[in-house]
Each structure stands twice: as C-alpha cells, then as structure tokens.
Number of protein chains: 2
Amino acid sequence: MEGLKNYISENKTRFLSELFDLLRIPSISSIESHKPDMYRAAEMWKKILLDAGADKAEVYETEGNPITYGEKIIDTSLPTVLVYAHMDVMPVDPIDLWDTDPFEPEVRDGKIFARGADDDKGQGFMHAKAFEFMVKSNQLPCNVKFLIEGEEEVGSVHLPKFCEENKELLKSDIILVSDTSMIAPGIPSITTGLRGLAYWQVEVTGPNRDLHSGLFGGAVANPINVLAKMIAQMTDEKGKVTIPGFYDDVIEVSEMERKKMAQAPFDEGNYKEALGVKELAGEEGYTTNERTGIRPSFDVCGIWGGYTGEGAKTVLPSKAYAKISSRLVPNQDHHKIAELFKSHFESIAPACVKVEVTILHGGQGYVCPIDLPAYRAAEKAYEYVFNRKPVPVRSGGSIPIISTFEEILGVKSVLMGFGLESDAIHSPNENYPLEQFYTGIEAIPHFYKYYAELMK
Amino acid sequence: MEGLKNYISENKTRFLSELFDLLRIPSISSIESHKPDMYRAAEMWKKILLDAGADKAEVYETEGNPITYGEKIIDTSLPTVLVYAHMDVMPVDPIDLWDTDPFEPEVRDGKIFARGADDDKGQGFMHAKAFEFMVKSNQLPCNVKFLIEGEEEVGSVHLPKFCEENKELLKSDIILVSDTSMIAPGIPSITTGLRGLAYWQVEVTGPNRDLHSGLFGGAVANPINVLAKMIAQMTDEKGKVTIPGFYDDVIEVSEMERKKMAQAPFDEGNYKEALGVKELAGEEGYTTNERTGIRPSFDVCGIWGGYTGEGAKTVLPSKAYAKISSRLVPNQDHHKIAELFKSHFESIAPACVKVEVTILHGGQGYVCPIDLPAYRAAEKAYEYVFNRKPVPVRSGGSIPIISTFEEILGVKSVLMGFGLESDAIHSPNENYPLEQFYTGIEAIPHFYKYYAELMK
C-alpha cells in the first residue's frame, strides 16, 4: 500500500474536520425527537461515501431509522468486502458528568472527546478514509460495499428485514466491522466469538392471595422460598448449568485456540480489584476469560416478590418472579435452549406451586474461525501496524446483528476493532485516541491487500 | 350464676344501645387526626366501668394514646383477674365496600355491623356487662381489674412502658382477653399458643456496580444467584430449618395436646381450595395445624434485586436483597434465633460476595398451658354455654402484647375469644353476631365462678 503513511499524515487535519462534522450530529436513536438527526447523519454518510470514491450511495428508508448504502464495484470476479458500521449513538445522560459538550467534539490529551467518537462514528469513519486512500491511489484490490445503519444502539430492529429484502445488494464474501475494542493499548485483538442469549421470565404462584405469614407460614408453600430453591438447582457446585441437554451443542474450543486466548494479558488481581470482589466464581476447569468467552452462563438478571419496602412487614406472598438469562456459545441454538430451560424449570416445580416460564428474547452466538482467510488478513494487517499478532478474543457479549448477517446473508464477519476500554463508550466523556484513529486508517487498507491476496 | 340468663335477656336492648355509643366513636389509632376520638373512647370506657360497678376508673396518659384502667377489689386475699381489651380500631378503607356507615352501627341478619363490632369493642364490652351482672347480683367471686388500651392496632407501642411503670396497679393472677376467634360457629376454642417472630433483612453484594451480563456473566458471582442458593440451604427436603441450634429450645407438644388439637374440625380439601393450591407443604411429620401452631417457620417475606421492569434487560446486578422471617414457637427466644440466623447466614456466604444480615424486628411466642386453672375455668365456661369442650388452638400469628405481659408482669393470659372467621375484622362490613355477643356475656361470669373455685 504505497504512499499510505504520507497520505494519512498529509490529510490528518481534513480527516478530523470531516469526522467532527459527523460527530456534531446528535443522532441518538433511542430518542424519537432526534429522528431528523438520523436523516442528517444518513445523508452525511452518503456524501462521505461518494466523496471517498463510491460509485453510488443511497439513503434507504426503513420502518425505523434510515440506512445508508454505498458501493464501489471494480470487478465482479473479485471478492467483495461489506463494511458494516452504525451512524447512531447512545444518549448522553448524565450530561453533567461530561467535561465538554458531547456534540461539540474536541481534542484533548491526544483524544477526540465526543459522543460517538469511538462507537461507532470514529471507528466507522476510518473505513471511509481507508477506502478513499485506496480509490485515490488506485490500489483498491477488491469490491467494497458499505452498510451504515441507524439502529444499532436500539437492537438493529429493522436491519434484519432490510437484509432479507436486499440480499443481492448486500452480496459479499466477508463483512468487516470496526465496533469492538482491543485488549489494551498496543495489544491488538480480534473478537472471534460472541455469545448468544436466551432470556426468560419465570412466575411462581403459591396461594391465590398474599397470606398472613403467621397464620399460614410453615403450612403453605412460599413462592419466594420455592423460587430460590428452583434457581439454586439450576447450577451445581462446580458452576455447571444443570438443565439437561444444556451443553449438548457446546463445541469445546481447541487447545490451540485456548492457548492463543491465554496469551491475552490478564491480571486477575486488577480485575478483582476493579470489580470490588474478593474472589471470582464460575465453571470449574476454565479461566476467567474462557468462562466469559467460550462457556455459557446462567444469570438471574432480576428477582422480585413480596414486601420490598421499608421495615419489617410480614407476608407470605402469592407470587414471586425472576428474569433469567443464559449467555450461549456458538452452536448452542437459542430457541432450543429456551425450550430446554422452560420445560425443565416447569417440570421441577413442586406440586405446591404453579410455575410459568415465558421466553422473552434470544439471539444466536457467533464464531469467526481463526483459519478464515479474512481472519488471517486482519491478523496480518494488525501485525503490520502494531508489530505483534492480534490475540483472538471470545467476547462474552452479544452483537446480535452479526449472527443475523450469518443467518440471512450467509456471510461471516471479521471484527477488526480499534477501540480501547478507556474510551468510555456509552458513558460520559466518550473518547477515541487519535493514535487509534490514524492507526486504524493505516491498518484497514492492509486488510484489503492481504485479503485480496489470500482470496486469489 | 343465678339470674344470669334473665339479666341478659332483660337488658339486651340496653347492652346494645351502650355498645352502639362506643362503636360510634371512630377511634382509629393509626390516623393521627382521630386522636380526640381516642380520648372520647377512653372517657367512655371509664364511664362504662364505673357504671358497671368499678370502685374506681381512670384515664391514663401515655406518650401515645390514653389507657383506661378500672378495678373492683372485693377482698385482697382473693385472686385477681385482669381483663385486657382495646378501644382502638383499624381504618375503614376501602370505605366504598361497606354496605353501611362503619361508625353508625346497625343490626342486620342477627349481626351488629360496625368497625370494631367484634375487634375489640364488641368483645371487650362483653366483659363490662358480665362484670356488671356479677356486681349487681352480688356474685363477683374475685377481684377484677380492667386494662383497656388504645394502640393495639398499631403494635401496642406504649403499653410495655405503662406496664413497667404500673406493675403494682396491674398485679393480678391471670389476664383474661377476648380478642380472638372460635374455630367455627358452635365450636368453641381457646388460643393456647401464639408464635413469636424474628425478622431480618439480608443484603448480598457482588461486584461494586451492575455489570454487563455478557462481558462478565459466568466469571463473576451474581448476587441473586448466590442469594437464591443461600436461601435454598435454609430449609432441607423435609421442610426443616437448617440453621444450627434453631430447634434447640423448641418444646415438643405433648401427645395429649396434639390429640386435642387434632379434634379441631379441619377440611384439608376446603383449605386448599380456598387458597387455590393443589398441595400443601411444610415440615414432615406434622399436620397443617401443627405446622402453623406448634412449629416454627421460615418464610422469605420479600426479595428484590436487578432488573424488574418490562421486557428483557440483561444485567449482572451488584446487589440482591431479601426480607426473611421466622415464626417462632414458645420457648424459642427471638433474640437468640435472630443471632443464630445472622451468624449462620453470614458464615455460609461464599467468598465471592459480601453478605450482611440486619435484625429488623422480633417478638416472643406465648403459650398457655392447658392444665392452668384459668385455662380449665375457661374450658368449663365454654362447655357451659356451648355444651362442648373448647379445642385448644395454637395460632400461627402473634399478639406481641401477650408475651410482653408475661415478660413484664409475670402473668399468663387466657385467650377466651368469641369472634368468628366470618366477622371480617380489619375488613369492610366488620360484624359481630348478636348470638356470640350474648353468649360471651353469659360465658364470662362462669369463667369467674370456676376460676375462683379452682383457685381456692
């Protein structure tokens, strides 16, 4: 990629200035009154893509926020990279904790401070500028498509339908995404796995009304006591989930990948101190990063029932509730797990109560094989700019749209993120270091270069 | 008790008319604006006692509502009965569910309808009229003292101090109380036991803030999961409480008393149907009435933590809470049990969380031995009017002042109640059947007669 370093250094100021224009738009997708800002952001992205060298770019309407699509097809026989990013941002509350206006970007201490500076305007914009360089320098080695959505922060509600209806438009060989973080400054990583999710609400009903705990306590099953016992049974003393069949589809990660994962710097002492816990807890036989990355979990997200006010009111309540979720690993189907838990949990209910499980939500996990050409290209690109191989990381979180892409479009994604933990995404004083920004713009064309070579 | 039946029948109308005057006073102790009504009620009780034949009667100030005390001492060598009743009533909400004005008593279908008709103006007033008969007919066989308080419905807040400060005034051999119910119409019963209470709040702290359940779930202990496991451990599969030492002071009830208790009519089918449960649950080896009457319980009265709103928000919460209570049986000291649970619960906390138990409240249990002369006198009095022996009943509930009397005054109480379950105390349309009212007035002088005989 000849002339890349020079190009970046000569255009630094312009890149920032253009990014700042994008950051100034308060495109908060969760607040209805910002709808016009979503359109302004979509139109600006259209202009960004066209200016950068796209053959065409369009703003597509959805039933929700608009989507900007752009492309440059240089040769249909060459592979096609689909870049996915999002133009929407999180709300800015609590606003008083921001040192400067979240929508008036400012560089301080070598960092861009603004809502969206990292997530995902800053990271998305790197792709536009990398693309611009490749077009302007005539070094674009394959076709490129851009899909910039406006609802990522509210669950990508309308994107699956858009994908369903535009499969041909979005046809590609790989999806490239910069919306994740590196393990640490200078230590690149590639998120190779995302956990799926199953989410339930359970309702345990004892007597048909709240009872006097004196007159009835001891003789009538208390739904909170029962719920506690039922939840307690869901995991054993080794931290394993006891739902029959729960692990059936879990694929054990290879020793090689576990070794690579183990190379990620991780200080358990710091980790515990930051969380304020004396001890960690989880499934026996796995490290902390494995527990969150490659193993499923079972967490009660919420519980309630009976008297929860001040003081000592006695009651034997009629009902108790819990919201329960499992993070799932790739190959565990969330529909199947949802049903497994529901039938198991209902089946172990003692006859003294009624138990009803409602399946509330779910998402598939995702895994990017580390022998995929695109993964190897990303690995080499990172190595080029950081002088070290990126660590494959299994993230415990979920980016549901990544699994949806695979389901609907049949295409894998490579998560080539340049964020840092300190970027405070979703929080006050979100920022993005200039160094990450420029390094990203330098790394991305190398991804294209290596990817095109590997796909030959 | 010569002339008793005639006396009652000749004075029926007057008795009702006097009771109605008392019922018309809206002496709601929990509502501050009714304070003047508390004084009106106290003065009226003074007049009632003096008119009935008391040597003296006084209204005593407390830091809360007034107390009316009256007495007739006929011979200091004779035993003294202390009658306890309360002049205060519960609020009347929801007022629109009352068929008639709660403070304008009315007789319909042979029942007096009014707030306090049973609890405890109606039942308390029976004692005044029984006393009146004995005085007027010169058949009072012992000394009588009356203690009518104004805070029973708000926890008898100031009565313990009054007792402490007036031990000599209240000196007696037995306390006689009509503030409970019979098992069923025509089936008399005597409440021989009241359960005590220990009440805690527990707080389980995991990480120092709510965490992303994807990024941390499986590696960091979830305080709700932990709390559920800890609560689950508090009872075993036989329904026994597992706190070490919990049962140490529980006195097994004699086979004779269990047999007597078992005579109480009880239809498990109806009981379950009324509660809407398919099965009952409790400690193995005990009947339902034994489980609530003579065995301690362990109930979670409330639980909360994490996300409890609509839908499926994922979170690994920082904290989880529960309010937990045990109903205790007589001889289990609530202070001791409170400490036993606290130290046990805190000791089983896994190192991955912090657990804090706060003792919120407690009260001693109470038991009236069925071989006590006063119990046997009450038994005979009931037998006289109902032609059947009363059933000794252990109530699962608590009347804290009864234990307080025993602690401070060193005197046992006999709970000679004439209420019925259908009286709707504390509810709209509270009522008291005329038959129960007049039968009570007839039974009480027989208690005095048999009691004086047995104490000779």
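Chain A is superposed on chain B by a rotation of 180° with 0.4 Å of shift along its axis, at an RMSD of 0.4 Å, where the fit is by least squares on the C-alpha atoms of residues with pLDDT of at least 70 in both copies. The two copies are thus related as by a two-fold rotation axis. The same surface serves both, in that 100% of the contact residues of chain A recur in chain B, contact meaning heavy atoms within 4.5 Å.

This is a predicted model, in which local features need pLDDT of at least 70 and side-chain atom pairs count only at pLDDT 80 or more, while totals for chains, interfaces and linings use all residues. Residues are numbered from 1 along each chain as its sequence is written, chains are lettered from A in the order in which they are written, and side-chain values use heavy atoms, with hydrogens and water left out.

**The sheet shared by both chains**

- An open sheet of 8 strands runs in the order β12(A)-β9(A)-β11(A)-β10(A)-β10(B)-β11(B)-β9(B)-β12(B), with antiparallel pairing; strands are DSSP runs of E with at least two residues, helices runs of H or I with at least four, numbered from the N terminus, and two strands pair if DSSP finds at least two bridges between them.
- Its edge strands are β12 (354-363) of chain A and β12 (354-363) of chain B, each of which pairs on one side only.
- Strand β10 (residues 299-306) of chain A pairs with β10 (residues 299-306) of chain B in the antiparallel sense over 5 bridges, and W304(A) has W304(B) as its bridge partner.

**Helices on the sheet**

- Helix α6 (residues 223-233) of chain A lies across β9, β10, β11 and β12 of chain A together with β10 of chain B, and runs at about 15° to β11(A), angles being taken from 0 to 180 degrees between N-to-C directions of lines fitted to C-alpha atoms, for helices over the stretch in contact.
- Helix α10 (residues 334-347) of chain A also packs on the sheet, where it touches β9, β11 and β12 of chain A, its direction making about 170° with that of β12(A).

**Cysteines**

- The count comes to 0 disulfides over all chains, a disulfide being a pair of cysteine sulfur atoms within 2.5 Å.
- The sulfur of C163(B) is too far for a bond, because the closest cysteine sulfur, in C368(B), is 18 Å away.
- The sulfur of C352(B) is likewise too far for a bond, with the closest cysteine sulfur, in C301(A), at 17 Å.
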